Amino acid sequence: MGDPVERLGSEALDSAAAVKTDDLCMEIDPPFQENVATAEDWRKALNKVVPAVVVLRTTATRSFDTESAGSSYATGFIVDKRRGIILTNRHVVKPGPVVAEAMFLNREEVPVHPIYRDPVHDFGFFRYDPGAIQFLNYEEIPLAPEAACVGLEIRVVGNDSGEKVSILAGTLARLDRDAPHYSKDGYNDFNTFYMQAASGTKGGSSGSPVIDWQGRAVALNAGSKSSSASAFFLPLERVVRALRFLQKGSETFVDKWKAVSIPRGTLQVTFLHKGFDETRRLGLKSETEQIVRHASPAGETGMLVVDSVVPGGPGYKNLEPGDVLVRVNGEVITQFLKLETLLDDSVNKNIELQIERGGTSKSLTLLVQDLHSITPDYFFEVSGAVIHPLSYQQARNFRFHCGLVYVAQPGYMLFRAVVPRHSIIKKFAGEEISCIEELISVLSKLSRGARVPLEYISYMDRHRRKSVLVTVDRHEWYAPPQIYTRDDSTGLWIAKPAFQHDSPFLSSGVKDVENLPAQPVSLTSEHACRGHVCEDSNLELVDGVTSMETNSAANASVAERVIEPTLVMFEVHVPPSCMLDGVHSQHFFGTGVIIYHSQDMGLVAVDKNTVAISASDVVLSFAAFPVEIPGEVVFLHPVHNYALISYDPSALGPVGGSVVRAAELLPEPALCRGDSVYLVGLSRSLQATSRKSVVTNPCAALNIGSADSPRYRATNMEVIELDTDFGSTFSGVLTDEQGRVRAIWGSFSTQLKFGCSTSEDHQFVRGIPIYAISQVLDKIVSGANGPPLLINGVKRPMPLVRILEVELYPTLLSKARSFGLSDDWIQALVKKDPVRRQVLRVKGCLAGSKAENLLEQGDMVLAINKEPVTCFRDIENACQALDKSNDNDGKLHLTIFRQGREVELFVGTDVRDGNGTTRAINWCGCIVQDPHSAVRALGFLPEEGHGVYVARWCHGSPVHRYGLYALQWIVEINGKPTPNLDSFLEVTKELEHGEFVRVRTIHLNGKPRVLTLKQDLHYWPTWELRFDPNTALWHRNIIKGLNCRTV
């Protein structure tokens, strides 16, 4: 284990990098001049050094190996002005895809691309076009590793703590510090010494030069210890060697840079430098110690000892921890630098090692392996997952073989199956997996929607395989699988399709739909039969499900036994690529109830804190029969907290289809205070649970505040409260004694706020009266007047909902009297509803609604069409009456009380469907959509046309890099208005790769802002995601990419 408070000292956001390289000479005599350097000497040195130090803004576009996708700041410095080579840390250059820019002292910015990152040590190189710097005079910083010595006064020049230029002073205290240990599952340097000084560097200083008074770099800043001012510097001997290879290789280039090979050898063995006392305790013979001391430089303090060996490497089963290294190729080796020099010069050759193990001398012949051959330079991307061969870095951390199939980022498909990051895939779809090619071959044979087993192991539990079920994406949430390969001549990772065009995986899924019944089916007669099960089918199940249910329900109430076959457990996943409408999680659980079940269609009702948006993958587990089948979102009520999910009854099989049934709904009469009900639901183990409760408040008005990130919140709803329940996570239904459903016991999402900046998501449960669900169900069954939707192969018209887009809240009549409401109106309202004794007031109108600018905050709604109204249902009934009448223009005749007087208004209503958001665009890594109702409920839309709303942003994308985050509207791009998604697409189609774009935004708080960002079509093409009601599938279309024509 390492020091837990050691951290990489680099990138400005919060990660810093540790670098190490090689050994350093320990007997250097410090020049006398070092001790007499004056302030003027340092001023001259810094004047020369500072212009050669650059701020690096780097963006890792994908998670890869030890690094996660993200954007950060770091430091680098010019080491070759003519060729445009910048030295910095490996964790800044990144092992995976990276996009970077260098900002010079005078704020000139140039793009840089990586040309080398060391597989082990924490250094790497960027390259830029020297001709692009036109207004700054600067010189390269010479590298002088030989000048490092204890007591040397140094300065660290860099972008410390996000400052563009920071100069920190220190004195080198140690040259032989062990390489710091930063993380058990991330990057660590090894097989090198580090230098240490108390310079107190922090994030952003990674890659800073450590200079002496002559302006020479004597080390490279790498990491620090958070609990003290200690900073760790990488020696430069191996950096100098790598730079010489790059310089020599570039001499042969004529027009452009080409990849340069830098030989690196390894035995896949980690050594530590131990003192002679420790080596004697490990069994080193005294005569061997004398030989080593005599052959080593004066002042040598110890020897190299094997610390760990990677399985499958050249040293595996030959070297063991505790072995003391004596000679390599006959030469006594006690320093990392000499050992690494021999290995790098002997790639793919045999070397002779003499070791001592417990006092016994052994000679070994080992083949030096090419270190680059076990450093991955490609990855496989599928459903947002990044998978590549296990690198030497992680193989050393996890003690696994190099080259195994490693999950650097689980993405969506693997996340659904609970496959964690850093997993090793061992088996997939019944076939053993040992390399990426085998995984690609198996996956290419699967069709969309397939569910197959996967086995993996984790370094946290390495001795046991875990088995999970992976569901192949049925919808086109992500781009088709691709293989990215590193190109060191351009610094880019080049993508190519991973599958052949005829792969079943690339099928759109429409064929599956076409195989289902396509003839319209009359539902009226089926609706009359819902809730009934064929008795003959049940009689056949004496030893099956029925008998099992009978035994388990022996002590259950009548209501529980009746309702249990109608209950369904939901597991819902939301793809990260389309987290729309402010949805606050990727994973939801909940209980729903079957409200319709026939041969051709099943419908389940559930709360919207379980199924929040239509862009979801839903899996249904039935209490009546042990089966899991997919569901599809068919209706999301725009106001009430419920959604309707369809399923294919044929997927249940003949037995399951016969025991699963629909519940009987009882919308009338409404529940009253004191009524007894049964609360019935399912546990996570699909066991029915029930209790008898009493209604304490049948008409409690909800008052849920807006979340920091606006999302659906229940408004204009009255809910049912009980005296006792099962806690805030238990959902289900409320029934009478006969098992007839009176309400859904649903989950509501809210956000508790503590102070000005702290908030926490919470949920609570309340009863949702069944009348609203029953009304929509009747329309679906009898034939609605809305747009058709394909459900199980049959197009069915879906209902439209007319609503008054106004947020209301109740006020007691006693309070209304204080505002000046007359006695006549108070008596009329009490006569209309003697229980509630309230009047509805306007909290606000939804921006963009027909009621906007007509109703004002604080208005009291007294009557509609001269009929007094006292509750939200009165408003709903009045809106529904408009649909039945042909002599209106969709307006309600309202009588309101405003500022002491009555006012008559005709207020327009809005018609909404139940589809939710069905279109989104990903541009430069931000997900944009039309403003959803929760945003409009804030009462504000930009005056410049409503704009497109930024719902989410992606790590490692251009918007992450330049700060175009969520919760704002994009209203202009390059001066061209973008009032809606269509105009937004037209503008962005014209933008080219690498072009800087001027974006004007307006935040939710109304604050305007203008920023610029650089479009990157290579890693972040513009694409659109749409729901197609004709196929009931989500389709992804590339709008503009480097290798795609504009559509």
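These questions and answers walk through the cores, one helix and one annotated domain of a predicted model.

Student: Which residues have the most contacts inside the largest nonpolar core?
Tutor: This core holds 89 residues. Its largest share, 7 residues, comes from helix α16, residues 771–782. The residues with the most contacts inside the core are Phe570 and Leu644.

Student: Which residues of helix α16 does Leu644 touch?
Tutor: Leu644 touches Ile595, Val604 and Phe635, among others. Helix α16 spans residues 771–782. The partners of Leu644 that fall in that span are Ile773, Val776 and Ile780.

Student: How many residues does the second, separate core have?
Tutor: Its members include Ile115, Ala217, Trp257 and Val260. This core is separate from the one that includes Phe570 and Leu644. Its count is 54 residues.

Student: Why do the buried residues of α18 lie on the same side?
Tutor: Helix α18 covers residues 823–832, and its buried residues are Trp825, Ile826 and Leu829. Residues three or four places apart in an α-helix point the same way, because there are 3.6 residues a turn. The three buried residues of α18 share one side because they cover an arc of only 100°.

Student: Which residues are exposed on the other side of α18?
Tutor: The buried residues of α18 pack against α17 and strands including β47, β48 and β50. On the other side of α18, the exposed residues are Asp824, Gln827 and Lys831.

Student: How far apart are the end C-alpha atoms of residues 269–333?
Tutor: An unreviewed UniProt entry places the feature "domain: PDZ" here. The span is 25% helix and 34% strand. Its end C-alpha atoms lie apart by 15 Å.

How values were computed. Residues numbered from 1 in each chain as written. Predicted model: local features only at pLDDT ≥ 70, side-chain atom pairs only at ≥ 80, totals over all residues. Heavy atoms only, no water. UniProt positions renumbered as here; feature names shortened; annotations may be inferred. Helix = DSSP H or I, 4+ residues; strand = E, 2+ residues; numbered from the N terminus. Core = buried A, V, L, I, M, F, W, Y, C linked by side-chain atoms within 4.5 Å. Buried < 20%, exposed > 50% of the residue type's maximum accessible area, 1.4 Å probe, protein only. Contact = heavy atoms within 4.5 Å. Arc of directions from axis to C-beta.
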